[in-house]
Amino acid sequence: MFLKEFEIRWSDIDANRHLANAAYLNYTGHTRMSHLAQLGFNQKTMAKHQIGPVVFYEHIYYFKEVFIGKPIKVSSELKGMSEDGMFFEFHHDFYDTDGKNFAHSEMMGAWIDLKARKLTILPDEFMTAVDLIERAEDFKYLTKEDTRKFARTPKDLT
């Protein structure tokens, strides 16, 4: 399991003096990209292929409050991916210093071609690296339909 440790900063807490919602998203994104960077998904290689990750959704489930003063750990686990690598799903768990799970996050996203501004398959160089990622016990190959399970449509003001 990939784990990243964080110190909760003053700017990470909210008016109730516990970890703020936005901080959870920042921690999962940082953990996920650190995990991928170890496998060669870094700014340089993504720029070379003109790709970047895009998030479709991220759901967070809160179990217990956590406060400033002690480090926390955030896990990253590949829960699903399409066979061509276009779509991906990661799950993250948050742990306190005693190893108690205080929150869980589920996110789904895809790779976008930064020139065409359209979703794209993952280049072969990255597909090889993805094979090195430890997969969840219930890992699933994703289809386009899986990405629509929480589908919403925009409702414009006019």
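User: Why does Y57 count as buried in this model?

Analyst: The model is a predicted one. Y57 has 12% relative accessibility, and buried means under 20%, so Y57 counts as buried.

User: Why does F150 count as partly exposed?

Analyst: F150 is at 36% relative accessibility. Buried requires under 20% and exposed requires over 50%, so F150, at 36%, counts as partly exposed.

User: How many aromatic pairs does the structure have, and why is the pair of Y57 and F150 called edge-to-face?

Analyst: The search of the whole structure finds twelve aromatic pairs. For Y57 and F150, the ring centres are 5.1 Å apart, and the cut-off for a pair is within 6.5 Å. Their planes stand at 80°, and edge-to-face applies over 60 degrees, so this pair is edge-to-face.

User: What makes the pair of Y57 and F150 a tie between parts apart in sequence?

Analyst: Y57 belongs to strand β2 (residues 51-62), whereas F150 is in the segment after β7. These parts are 93 residues apart in sequence, so the ring pair ties them together.

User: Which residues do ring pairs link into a cluster?

Analyst: The cluster consists of F41, F88, F90, W111 and F126, linked by ring pairs.

User: What makes R135 a charge over the ring of F139?

Analyst: R135 lies over the face of F139, 4.4 Å from the ring centre. The distance cut-off is within 6 Å, and 4.4 Å satisfies that cut-off.

User: How do you know that β4 is mostly covered, and which residues are on its two faces?

Analyst: Nine of the nine residues of β4 are buried. One side carries F87, E89, H91, D93 and Y95, and the other carries F88, F90, H92 and F94; all are buried, and both faces are covered.

User: How do you know that β3 is mostly covered?

Analyst: Of the eleven residues of β3, nine are buried.

User: What makes β3 and β4 paired strands, and in which direction do they run?

Analyst: Six bridges join β3 to β4, and pairing requires at least two, so the strands pair. They run antiparallel. K73 has Y95 in β4 as its bridge partner, and G80 stands opposite E89 in β4. The hairpin of β3 and β4 has four residues between the strands, with G85 at a positive phi near 80°.

User: Which other strands does β3 pair with?

Analyst: Strand β1 (residues 2-6) is joined to β3 by five bridges and runs antiparallel to it; K4 stands opposite V74 in β3. Strand β7 (residues 135-142) is joined to β3 by four bridges, and these two run parallel. The bridge partner of G80 in β7 is K140.

User: How many bridges join β4 to β5?

Analyst: Nine bridges join β4 to strand β5 (residues 101-113), and the two run antiparallel. H91 stands opposite E106 in β5. Five residues lie between β4 and β5 in their hairpin, where G99 in the turn has a positive phi of about 80°.

User: What makes the lining of the largest cavity nonpolar?

Analyst: The lining residues are L36, F41, L78, M81, F88, F90, W111, L122, V130 and I133. By class they are ten nonpolar, no polar and no charged. β3 (72-82) and β4 (87-95) each supply at least two of them. The cavity has a volume of about 70 Å³.

User: What classes of residue line the largest pocket?

Analyst: Its lining has five nonpolar, one polar and five charged residues, including K64, E65, F67 and D96. The pocket has a volume of about 160 Å³.

Notes:
Residues are numbered from 1 along each chain as its sequence is written. This is a predicted model: local features need pLDDT of at least 70, side-chain atom pairs count only at pLDDT 80 or more; totals for chains, interfaces and linings use all residues. Side-chain values use heavy atoms; hydrogens and water are left out. On a 1 Å grid over the protein atoms alone, a cavity is a set of points where a 1.4 Å probe fits but cannot get out, and a pocket is an open set with protein on both sides within 12 Å along at least five of seven lines; lining residues have an atom within 4 Å of a point. Grid points are joined across faces, edges and corners, and a volume is the space filled by probe spheres set on the points. Ala, Val, Leu, Ile, Met, Phe, Trp, Tyr, Cys and Pro count as nonpolar, Asp, Glu, Lys and Arg as charged, and the others, Gly among them, as polar. Buried means under 20% relative accessible area, exposed over 50%, partly exposed in between (1.4 Å probe, protein chains only). Rings of Phe, Tyr and Trp (its six-membered ring) pair if their centres lie within 6.5 Å; planes under 30 degrees apart count as stacked, over 60 as edge-to-face and the rest as tilted. A charge sits over a ring if NZ of Lys or CZ of Arg is within 6 Å of the ring centre and within 35 degrees of the ring normal.
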